Amino acid sequence: METKQFVTKTLSDFSLEAHDLYLNESVPYLEAPPDPLQFYRDWIGANRPCIIRNAFNHWAALSRWTPDYLRAKVGSKVISVAVTPNGYADAVAGDRFVMPEERRMRFDAMLDVIEGKVQARGVFYVQKQSSNLLQELPELADDVERHIPWMSAALGKPPDAVNFWLGESNAVTSMHKDHYENLYCVISGQKHFLLLPPTDRPFIPYGNHSNPQPHDHSYFHSAAVTMVTVPTGLYQPAVYRQRDDGEFEVVDEENSEKIPWIPLDPLDPDLEQFPQYRQARPIRCSVKAGEMLFLPSLWFHHVRQSHGCIAVNFWYDMEYDIKYNYFQLLEALSGVSTAV
């Protein structure tokens, strides 16, 4: 058996074994906040997602964060809003990795768009990340927690970022992975996640990773924490810009290094172009208001939402331990299996 065929079969068996041994066919539920040690042992260490109920019932945000309250509390604040023509921000479009136009606008103007009081061309999404809840909307911080006590105890550190999310139903987060242990708390509406474990990496088109680089903890979205430079599957960075006539154009970011990203849409995968994705076994879940998703580090995910959904998430930096080493090895072998 030639090397490529052997590696391809081994990686396929590797994924199947993971699904058979410890991965669930659906995301399990916990009915109460867990003990920190038990949560680390059963979920963080095992790198398995779960949905936790009754974990933040005490947050005032669950009852307070109505449009009227938000208008009164932070309506005049100017925040960063991602605007795209089609809802796809930080996504591959043709041969470009296109980021949204980052527009500065009043919070109440964003609410006017969400509530349909103002008609605007494009899709609007508050998705700044960079700890935008604490940086741009500190007036709302007392309605939630600045960290999750049992998660901070489990990991022995506070979160790197606390992020606020609000957007239209057409706003989509393209499939990617993050190097964070992520607690995603839905305040109102629903979030719809499509999840793929790191062990399904061989079936996900993500370039041929062969030249590891140091990780980057800057708050640019997951493209900034990509840990490798790849010879294939690279995309020219660009941004959307709305012209005076209302149409959107794509403008290249000059003198920027190309970015590896996933060109596949998991909701409508092109299996002729990406036949290996047939072997992927995605897990779907919906996280409702009052529920918290634990999304482990290195899991690939694609996210949609109900219209006007509000969420807060906590990013805890992952440990760069043997799990990270294993994933780097998997990345390299995936490049071998897809090499021509």
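**Helix capping, aromatic pairs and the open sheet**

Asp35 caps the N-terminal end of helix H2, with a side-chain oxygen placed 3.1 Å from the backbone nitrogen of Leu37, a polar contact being a pair of N or O atoms within 3.5 Å, of which, within protein, one must be able to donate a hydrogen and the other to accept it, and residues adjacent in sequence count only if both atoms are side-chain atoms. The model is predicted, so that local features need pLDDT of at least 70 and side-chain atom pairs count only at pLDDT 80 or more, while totals for chains, interfaces and linings use all residues. Residues are numbered from 1 along each chain as its sequence is written, and side-chain values use heavy atoms, with hydrogens and water left out.

Helix H2 spans residues 36-44, and its buried residues are Phe39, Trp43 and Ile44 (buried means under 20% relative accessible area, exposed over 50% and partly exposed in between, with a 1.4 Å probe and protein chains only; helices, H or I of at least four residues, and strands, E of at least two, are DSSP runs numbered from the N terminus). These three residues lie on the same side of H2 because they cover an arc of only 70° around the axis, the arc being that of the directions from the helix axis to the C-beta atoms. Leu37 and Arg41, by contrast, are exposed on the other side of H2.

Helix H5 (residues 107-114) is mostly covered, six of its eight residues being buried. These are Phe107, Asp108, Met110, Leu111, Val113 and Ile114, and they pack against helix H4 (67-74) as well as strands E3 (78-84), E7 (101-106), E8 (123-126) and E9 (161-167), where contact means heavy atoms within 4.5 Å. After H5 comes Gly116, which has a positive phi near 80°.

Strand E3 contains Thr84, a residue that counts as buried at 2% relative accessibility. A polar atom of the Thr84 side chain lies 2.8 Å from the backbone nitrogen of Gly87. When residues up to four places away in sequence are left out, Thr84 touches Ala89, Pro100, Gly122, Val123, Tyr240 and Phe248.

An open sheet of nine strands, with mixed pairing, follows the order E1-E2-E19-E11-E21-E9-E8-E3-E7, two strands being paired if DSSP finds at least two bridges between them. Its edges are formed by strand E1 (29-30) and by E7, each of which pairs on one side only. Within the sheet, strand E11 (residues 180-188) runs antiparallel to strand E21 (residues 310-317), to which eight bridges join it, and Tyr184 stands opposite Asn313 of E21. E11 also pairs with strand E19 (residues 291-295), again in the antiparallel sense and over four bridges, and here Met292 of E19 is the bridge partner of Cys185. Because eight of the nine residues of E11 are buried, this strand is largely enclosed by the rest of the structure.

The structure holds 14 aromatic pairs, for which rings of Phe, Tyr and Trp (its six-membered ring) must have centres within 6.5 Å, planes under 30 degrees apart counting as stacked, over 60 as edge-to-face and the rest as tilted. One of them is the tilted pair of Phe97 and Trp261, at 4.7 Å centre to centre and 50° between the planes. This pair links distant parts of the chain, 164 residues apart, since Phe97 belongs to strand E6 (residues 96-99) and Trp261 to the loop between strands E17 (259-260) and E18 (283-288). Phe97 is buried, with a relative accessible area of 0%, and Trp261 likewise counts as buried, at 2% relative accessibility. Tyr184 and Phe193 form an edge-to-face pair, with 5.4 Å centre to centre and 80° between the planes, and both residues are buried. Ring pairs also connect these two residues with Tyr125 and Trp165 in a cluster.

A ring is involved in another way at Tyr29, over which the charged end of Arg53 sits, 4.0 Å from the ring centre (a charge sits over a ring if NZ of Lys or CZ of Arg is within 6 Å of the ring centre and within 35 degrees of the ring normal). Finally, Pro149 is found in helix H7 (residues 149-155) and counts as partly exposed at 40% relative accessibility. The C-alpha atoms of Pro149 and Pro33 are separated by 10 Å, although the two residues are 116 residues apart along the chain.
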